[in-house]
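Reader: Hi! I'm new to looking at protein models. Could you walk me through this one?

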Amino acid sequence: MLENWSLTIKKYNTALQSAKQGNEDLAIIQLKKVVNISPNFVRAQQLIALMYIIIGDEGKALNHLVRANITTPIKTLINGNALGFSFS
């Protein structure tokens with residue numbers, strides 16, 4: 001169990017780096033693996049949703065936001081910029 005969580009965190013961090021570098025497609029590939037392993041990983045669901053918004057696939061984004069909202073209110077994404085991205 002701990003080994004799976006460690007692998008999940010590593011994949012999430014790799015995806016986060018890809019996202020910060022503007023490699024949305026690569027981030028999505030990694031995040032799909034993360035949410036398959038850990039569907040309740042809210043930040044991963046939120047980040048993959050953001051990646052889908054950036055590439056213009058709002059339907060898939062909404063799907064992941066709904067999954068994230070099952071665990072935590074969507075306000076987390078909006079209030080305080082939970083993902084740490086700047087929107088300038």
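Author: Happy to! Let's begin with one residue: Q30 is found in helix α2. Keep in mind that this is a predicted model.

Reader: Okay, is Q30 buried or exposed?

Author: Q30 counts as buried, because its relative accessibility is 15% and the cut-off for buried is under 20%.

Reader: And what does Q30 touch?

Author: Leaving out residues up to four places away in sequence, Q30 touches K11, T14 and A15.

Reader: What about L31, which residues does that one touch?

Author: With that same limit of four places in sequence, L31 touches Y12, A15, A44, L47, I48 and M51. A15 is on the list for Q30 and on the list for L31.

Reader: Cool. Changing topic, how many residues are in the largest nonpolar core?

Author: That core has 19 residues. Y12, L31, A44, L47 and M51 are those with the most contacts inside it.

Reader: Which helices supply it?

Author: At least two residues of this core come from each of α1 (2-20), α2 (24-37), α3 (42-55) and α4 (58-71). The largest share, seven residues, is from α3.

Reader: Why would nonpolar side chains sit together like that?

Author: As a general tendency, nonpolar side chains in soluble globular proteins are buried together.

Reader: Tell me about α3, then. How many of its residues are buried?

Author: Ten of the 14 residues in α3 are buried, so this helix is mostly covered. The buried ones are V42, A44, Q45, Q46, L47, I48, A49, L50, M51 and Y52.

Reader: And how far does α3 reach from end to end?

Author: From its first C-alpha to its last, α3 reaches 20 Å, close to the 20 Å expected at 1.5 Å a residue.

Reader: What comes just after α3?

Author: There you'll find G56, which takes a positive phi of about 90°.

Reader: Let's zoom out. How many helices and strands does the chain have?

Author: It has five helices and zero strands. Reading along the sequence gives the pattern α-α-α-α-α.

Reader: And how much of the whole chain is buried?

Author: Buried residues make up 39% of the 88 residues in the chain. The accessible surface comes to about 5,500 Å², and 56% of that belongs to carbon and sulfur atoms.

Reader: Last one! What share of the contacts is between residues 24 or more positions apart?

Author: Among contacts in the chain with a separation of 6 or more, such pairs account for 48%.

Definitions and conventions. Residues numbered from 1 in each chain as written. Predicted model: local features only at pLDDT ≥ 70, side-chain atom pairs only at ≥ 80, totals over all residues. Heavy atoms only, no water. Core = buried A, V, L, I, M, F, W, Y, C linked by side-chain atoms within 4.5 Å. Buried < 20%, exposed > 50% of the residue type's maximum accessible area, 1.4 Å probe, protein only. Helix = DSSP H or I, 4+ residues; strand = E, 2+ residues; numbered from the N terminus. Contact = heavy atoms within 4.5 Å. Expected span 1.5 Å × (residues − 1). Areas by Shrake-Rupley, 256 points an atom, 1.4 Å probe, with all protein chains shown as cover.
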